[in-house]
Every structure is written in C-alpha cells, then in structure tokens.
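Here is a short briefing to read with the model open beside you. It starts with the whole chain and then moves through the cores and the helix contacts.

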Amino acid sequence: MSATSASPAKPRTTAVVLAGGTGQRVGLSIPKQLLKIAGKAVIEHTLWIFEQSDSIDDVIVLMAPGYVPDVEKIVAKAGLTKVTRVIEGGTTRNETTERAIAALGEGLAEGEDRNVLFHDAVRPLLSQHVIKDCVDALGRYAAVDVAIPSADTIIVTRTHGGDGEFITDVPDRSRLRRGQTPQAFKLSTIRRAYEVAAGDPNFQATDDCSVVLKYLPDVPIYVVAGDEYNMKVTQPVDVFIADKLFQLASTAAPQQVSEDAYRELLADKTLVVFGGSYGIGADIARLAEGYGAKVYALGRSTTGTHVENPEHVDDALSRAYGETGRIDYVINTAGVLRIGKLAETDNTTIQEALNVNYLAPVQIARASYKYLVETKGQLLLYTSSSYTRGRAEYSLYSSTKAAMVNLTQALSDEWAGEAIRVNCVNPERTATPMRTKAFGQEPEGSLLSSEAVARTSLDVLLSELTGHVIDVRQQDPTRGASEASDFEQALAAVLDRQEDV
C-alpha cells in the first residue's frame with residue numbers, strides 16, 4: 001500500500017444495553033431498570049451515557065418481555081437519537097445476547113465487522129472514559145472486559161454436612177478483580193463464541209467474556225480498568241446508594257463551543273433572575289443580556305422585589321411574560337446566611353432564614369410553572385457546599401440548602417411530563433457580597449469568582465440536564481480534570497464539602 005492510500009474505515013461501534021432483569025431482588029413489581037433514581041428511570045440514565053459518548057455510533061436495547069413499549073416511550077420522550085431499536089429479550093442471559101448478536105448482524109455486508117459493547121442497564125453511573133478505553137482497546141484486541149481490584153479478601157468455601165460452610169482456600173487478592181460492564185467485542189468474535197457454545201448441551205453463562213474464555217480459549221481478553229462508581233443496582237440497598245451518588249456526584253454542564261453559540265441560543269429568550277441585584281445573579285443577568293436575551297434582574301435593593309413575598313414573585317413573572325410573551329428560564333440566587341447557635345437564635349432570624357432560603361424558592365417554583373410549561377423551560381436553584389452535612393452554627397443555612405437539592409430532584413421528576421427541566425448549582429466558596437458580609441475579606445485567590453459561577457449557570461440553562469446538582473469548583477492548575485476519574489472527582493468534591501461553607 002502506498003503512503004497516500006486511504007486507511008481502513010473505522011468499524012461502527014454499537015452499545016447493546018441489556019435490560020432483561022425483573023427487579024425481584026429489589027422487591028419491585030416492575031423491572032428494576034424502570035425504577036426512578038434522581039428523577040429518571042435507571043435505564044434512561046444509562047442510555048444518556050451512550051447518547052453523549054463520542055465513541056458510540058448507535059444503541060440497541062434488549063428489554064424484559066412485556067416492557068418494550070415502556071422503553072420506547074422513554075426513548076421518544078427523552079429524545080435519545082442513538083437508540084435505533086428496542087428488542088424483547090429472552091428468558092435467559094444467553095438467549096438475550098444471542099438475539100442481540102442476530103440483530104447486530106442484520107444488514108452487514110460479507111466480511112464486514114463491527115464493535116459491540118454489552119452493558120447492564122442497571123449500571124447507570126458508567127464513566128465516559130471507560131467507554132472510550134473499551135473502544136480504543138478493540139483497536140488491538142477482539143475481546144475486552146472491565147474490572148476493578150477487589151478491596152475485600154475473597155474466600156472459597158464448601159458445605160460440610162448440615163454444619164454450614166467452611167473455608168477451603170483464600171486466593172491471592174492481588175490477582176483478583178471484580179468484573180463490571182461494558183464487555184466489548186468484535187462482533188465476529190462474540191458471534192463465533194456463541195456458535196461454538198451452542199454445541200454444548202450444558203451451556204449457561206452469566207456474562208459474555210466467560211463464553212469467549214471457555215469456547216474460544218485462544219482469544220486473549222484484555223482488561224480495562226473500571227471504577228468504583230460503576231455500581232450495579234441489584235439489591236434494595238443499591239437503590240439508596242445510587243440515588244445518593246447521583247445527588248452527590250459532580251455533574252459537568254456542557255460548555256458552548258463559541259460566543260456565537262451563546263448568542264444563537266439566548267437570542268430572544270426571556271430570563272427572570274430573582275436575587276439579581278448583585279453577585280452571581282447580577283453576573284448571570286449581565287452575561288445573558290450581552291448575548292441578546294431579555295433579562296429581568298430582580299432584587300430587594302434594586303427593584304424592591306422581596307422573594308419571600310408571593311405577590312412580589314407573581315407580579316415580577318406576570319410583568320416579564322406580559323412584556324415579552326414568554327419566560328424561558330427562572331433563576332433564584334437570593335439567599336441569606338445567618339451564623340449562630342440555634343438555641344441562641346431569635347424567632348425573627350429563624351423565620352427570615354426559612355422564608356428566604358426555603359419558602360421563597362418553593363413559591364417561585366409554583367408561580368413559574370405555568371410559564372415554563374409553555375416554553376419547556378428551566379428552573380435553576382442554588383445550594384451550598386455544606387448541603388451534604390450540617391455544621392455547628394450553620395444549622396439553618398445548611399438545612400435549607402439541603403432542601404434545595406431535594407426540591408430540585410422532586411420537581412424534575414414531577415415536571416418531567418411537561419419537559420420542564422429543574423437543576424441546582426452548587427458553587428464552592430464564592431466571592432459574593434453575602435459571603436463578605438458574613439466572613440469579611442478573605443485571601444485573594446481562595447474564592448471562586450461569581451462570574452465563573454454565572455458562566456456555568458448559563459451552560460446549565462442551555463443544556464438538556466434535569467434533576468442534577470452541578471458542582472462549580474476552582475480548577476487545580478497542577479492537574480487537569482481529565483486526569484482524575486469521575487469517581488475521584490466526585491469523591492474529592494464530597495470531601496471538600498466537609499471543609500467548605
């Protein structure tokens with residue numbers, strides 16, 4: 001081949017989402033993949049991961065018998081464009097995979113191959129870097145597994161009479177791994193493995209790499225490093241843990257590619273910003289106006305708008321709608337920070353904190369609903385880095401900010417049918433007048449700028465995210481975000497919140 005000859009075309013890569021589970025072990029009457037976590041069905045979270053992956057060309061779903069229409073509705077409503085087929089799975093894992101292989105082979109020319117990633121629908125926290133690593137590995141190997149080291153000592157046991165189990169071996173933990181998904185293959189390889197396995201009358205498998213290992217022993221199976229975050233929702237406790245991980249995990253809002261993109265997306269849109277007199281709210285208003293949006297920046301000191309007064313909220317929204325004919329985004333950055341021991345706090349201060357930090361967002365949400373229904377818009381709330389754990393002398397502030405996270409997740413679920421998105425921004429310590437008033441001047445460079453939070457807020461408004469808590473943190477100049485796994489970033493964020501206010 002000459003130096004100028006074209007390189008072989010990159011094979012198409014398909015993600016196969018295996019969703020055949022029934023949910024019996026979780027104690028449900030519906031398949032566990034249809035259970036809602038953080039405002040969406042588990043399978044929708046999983047499908048969105050592949051929808052957003054640059055490494056995946058298309059997706060097919062193998063769903064539990066009788067529930068194909070449920071998934072088709074989720075796909076249509078969520079606008080998941082990469083999902084091309086939803087197929088009824090078999091009664092066993094083997095049969096389900098065989099149906100997927102048959103579907104993948106339809107329409108392929110003779111000698112044509114493709115990459116395929118088999119992934120459990122009930123692993124909704126898969127990292128993008130794991131997907132990419134799997135696809136990259138398929139450039140060198142025909143079979144790829146994903147695994148993580150075992151933190152626990154593994155023992156081998158046997159039963160002895162009626163006396164229970166006894167240890168027979170303790171394998172070397174350094175060589176043990178816990179398998180995850182996806183498992184990735186060249187289609188020709190996994191098809192051949194199942195063809196050979198079909199000749200075994202005792203064939204039964206719980207995963208696909210074991211089929212290749214047993215029936216195509218000459219094919220090496222490469223192992224990609226997974227991560228602890230990629231948990232499987234199998235037991236009742238997993239539902240709780242997954243929901244908490246979604247609540248705590250740092251979600252990144254996709255940034256716009258250019259200034260022109262902001263102008264195109266915000267032109268002729270109407271934003272109502274409560275708490276827009278100064279700080280983050282004022283910066284959101286300034287940025288959005290610069291991109292051509294019609295903005296109503298409302299505040300106690302500028303427009304006399306008191307967010308704790310439902311009539312003020314109703315009047316502000318009514319005026320914006322009356323003048324522009326639409327409301328696309330409602331943002332509430334208003335809040336008060338009162339520090340002190342609860343037993344020593346007077347009733348007036350307690351009532352103010354509850355009115356401004358909790359009841360006001362509730363009233364804003366309720367009043368905004370009828371306008372956001374028309375535009376399929378978004379409500380954006382704000383929490384504090386202390387929401388995951390209350391601290392002494394911050395009981396009112398921390399508890400009301402934790403309520404914002406729960407309100408966000410509840411409303412994102414409640415309003416999903418109307419396609420209204422609800423999200424919550426969680427900035428780390430930010431240089432705002434409210435913080436300066438509470439803590440005085442702090443060392444330069446130790447705080448996040450309000451403009452950085454405002455910029456991320458615009459990215460959230462322009463995204464398809466809903467039900468998410470979006471962390472905004474200062475970048476460590478010595479380490480790029482891509483160098484840390486998603487789990488490491490989420491864990492670091494949780495640990496940092498122990499120190500932040």
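The protein chain holds 15 helices and 19 strands. Please keep in mind that this is a predicted model. Of the chain's 501 residues, 49% count as buried. Among contacts with a separation of 6 or more, 74% join residues that are 24 or more positions apart.

**The nonpolar cores**

- The largest nonpolar core has 35 residues, and the ones that touch the most other members are I43, L47, V61 and M63.
- Seven elements are worth highlighting here, as each gives two or more residues to this core: the strands β1 (13–19), β4 (58–63), β5 (83–88) and β7 (143–149), and the helices α1 (42–51), α2 (68–78) and α4 (128–137).
- V61 is a good residue to click on: setting aside neighbours within four places in sequence, V61 is in contact with V17, A19, I43, L47, V71, V83, R85, V86 and I87.
- Another core, of 30 residues, lies apart from the largest one, and V307, V313, Y371 and L379 are among its members.
- As general background, nonpolar side chains tend to be buried together in soluble globular proteins.

**Helix α1**

- How many of the 10 residues of α1 are buried? The count is 10 of the 10, so α1 is largely enclosed by the rest of the structure.
- The buried residues of α1 include I43 and L47, together with V42, E44, H45, T46, W48, I49, F50 and E51.

**Helix α5 and its contact with α3**

- Helix α3 (residues 93–105) packs with helix α5 (residues 187–197) at an angle of about 135 degrees, and their axes are 11 Å apart. That angle makes α3 oblique to α5.
- The crossing of α3 past α5 is left-handed.
- On the α3 side the contact is made by N94, T97, E98, I101, L104 and G105, and on the α5 side by L187, I190, R191 and Y194. By class, these residues divide into five nonpolar, three polar and two charged.
- Within α5, the residues L187, T189, I190, A193, Y194 and A197 are buried. These buried residues pack against α3, β6 (115–120), β10 (177–186) and α6 (208–215).

**Helix α11 and its two partners**

- Helix α10 (residues 310–324) and helix α11 (residues 347–375) have axes that come within 9 Å and cross at roughly 20 degrees. That makes α10 roughly parallel to α11, and α10 passes α11 in a right-handed crossing.
- In this contact, α10 uses P310, V313, D314, L317, S318 and Y321, while α11 uses Q363, I364, A367, S368, Y371 and E374. The contact of α10 with α11 has seven nonpolar, three polar and two charged residues.
- α11 also packs with helix α12 (residues 395–414), at an angle of about 10 degrees and with the axes 10 Å apart. That makes α11 roughly parallel to α12.
- For the contact with α12, α11 supplies I350, A353, L354, N357, Y358, P361, V362 and A365, and α12 supplies L396, Y397, T400, A403, M404, L407 and L411.
- Which classes appear in the contact of α11 with α12? There are 13 nonpolar and two polar residues, and no charged residues.

Terms used. Residues are numbered from 1 along each chain as its sequence is written. This is a predicted model: local features need pLDDT of at least 70, side-chain atom pairs count only at pLDDT 80 or more; totals for chains, interfaces and linings use all residues. Side-chain values use heavy atoms; hydrogens and water are left out. Axes are lines fitted to C-alpha atoms, for helices over the stretch in contact, and angles run from 0 to 180 degrees between N-to-C directions. Helices (H or I, at least four residues) and strands (E, at least two) are DSSP runs, numbered from the N terminus. Angles under 35 degrees count as roughly parallel, over 145 as roughly antiparallel, 65 to 115 as roughly perpendicular and the rest as oblique. A crossing is left-handed if the near helix is turned anticlockwise from the far one by less than a right angle, and right-handed if clockwise. Contact means heavy atoms within 4.5 Å. Ala, Val, Leu, Ile, Met, Phe, Trp, Tyr, Cys and Pro count as nonpolar, Asp, Glu, Lys and Arg as charged, and the others, Gly among them, as polar. A nonpolar core is a set of buried Ala, Val, Leu, Ile, Met, Phe, Trp, Tyr and Cys residues joined through side-chain atoms within 4.5 Å. Buried means under 20% relative accessible area, exposed over 50%, partly exposed in between (1.4 Å probe, protein chains only).
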